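Trainee: I would like a close look at a single part of this chain. Please take me through one contact between domains and keep to what the model shows.

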Amino acid sequence: MSRRPPAEIPALISTSADLAALCERLRGEEFVTVDTEFMRERTYWPELCVVQLGGASEVAVVDALAEGIDLAPLGALLADPGIVKVFHAARQDVEIFLLKFGAVPTPLFDTQVAAMVAGFGDQVSYDGLARALAGAQIDKAHRFSDWSARPLSDSQIAYAAADVTHLRRIYVALKERLEREGRLDWVAEEMAVLAEPATYRTEPENAWERLKPRTSNRRFLGMLRAIAAWREREAQRINIPRQRLVKDETLLELAATTPDSPAELARARGISEGFAKGRSGAGLLAAIKEARSLPESALPEPPKDRHGPSPSPALVALLKVLLAAKSEQHHVAPKLLASSEDLDRLAAEAQPDLPALHGWRREVFGEAALALKSGRLALGVDGRRIKLIGAA
């Protein structure tokens, strides 16, 4: 497929004065579409390279790396409570703006989430929505461009501009559809999560949980917590990806072997002698030493899903069928109603605290799931569809 670029390639905004004037013009809009291009392959923190903005009649591409450019007017625009900021798959973009300006853009609207509520499936792509709702064809020629390299080409600028151009029509179509179906409140619940700064912040002390260690040994977990927290802080300090500093599998090995000297540290897979003898190695060894002396009371508890009864595979399978049926009935993406982990907990726990049992999700799926567990609801087949027998 090929994407037809706008008839006129928008000028690249590269001065503070031009950016301030652009933001002032956009302050009169009901909504502004927003996208970013950034680089993160070699750094811990994302490097903002380009910002795309679209109003009702204007699209602009901002060179965020232009020498001397002051992005403060952009921060003020994103914070304006009278303008909806429209993104697609907003999390990474919002994280960048939170780091840059200290606040989440508000109010915001994520068309990927809205599309899931509107029945377009799990994590529908921007390409798919552009075809379905804007009649646009998207190519991928510059998806992996080096956006930090200068100068930007006309084709890169056209590519960046098209993202927010099509997003305007996607937003309007989705909003109208959700208004007709009475589901804007459902989207608002999801936007509240995206608007919460804590959504984007990784606490170093919790970084170990992402590794999902397969053990209930609290001493091992305490060591893993300490060295994973060290890696998070050290990667931030040096500004390199955490996996480039120390890989996950190496952290798990170190938590098991607990080296206490540079020589022992250097024996670990992926640890060089230079690293072990340098500043980073010294910091890692200090974290290991401190964790080794922790009392039992200070060690972390195993993740909750490590103990308690295992879910019945048969019940989980029935819940999956129910989820698919409810998703089909209400034209909403299954993943938005409940995750695989949610279904496991629903099957295993009497009263799990899950999103699926709160708000609109409970109305659409949660009540039926509890009825199925208690025997008040059965599943059958009516022709080519799943039939609910008993409680709805």
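How far apart do the C-alpha centres of domain 1 and domain 3 lie?

Mentor: The model is a predicted one. In it, the C-alpha centres of domain 1 and domain 3 are 34 Å apart. For orientation, domain 1 covers residues 11-200 and domain 3 covers 313-390, with domain 2 assigned to 204-298. Twelve residues from domain 1 and eleven residues from domain 3 make up the contact.

Now the area. Between them, domain 1 and domain 3 bury about 970 Å², and carbon and sulfur atoms account for 57% of it. On the domain 1 side, the residues that lose the most area to domain 3 are Met116, Asp122 and Trp186, which together give 47% of what that side buries.

Next come the polar features. The count between domain 1 and domain 3 is one salt bridge. A salt bridge joins the side chains of Arg361 and Glu190, at 2.8 Å from N to O; by the domain bounds, Glu190 falls in domain 1 and Arg361 in domain 3. Polar contact across the interface of domain 1 and domain 3 comes to six residue pairs, with both residues at pLDDT 80 or more.

As for where the domain 1 side comes from, the elements giving two or more residues to it are α4 (111-117) and α7 (184-194). Met116 lies within the range of α4, and Trp186 and Glu190 lie within that of α7. By class, the domain 1 side that touches domain 3 has five nonpolar, three polar and four charged residues.

Note on methods
Residues numbered from 1 in each chain as written. Predicted model: local features only at pLDDT ≥ 70, side-chain atom pairs only at ≥ 80, totals over all residues. Heavy atoms only, no water. Domains from an automatic or database assignment. Contact = heavy atoms within 4.5 Å. Buried area = accessible area lost by both parts, 1.4 Å probe. Salt bridge = Lys/Arg side-chain N within 4 Å of Asp/Glu carboxyl O. Polar contact = N/O pair within 3.5 Å; in protein donor to acceptor, adjacent residues only side chain to side chain. Helix = DSSP H or I, 4+ residues; strand = E, 2+ residues; numbered from the N terminus. Nonpolar A, V, L, I, M, F, W, Y, C, P; charged D, E, K, R; others polar.
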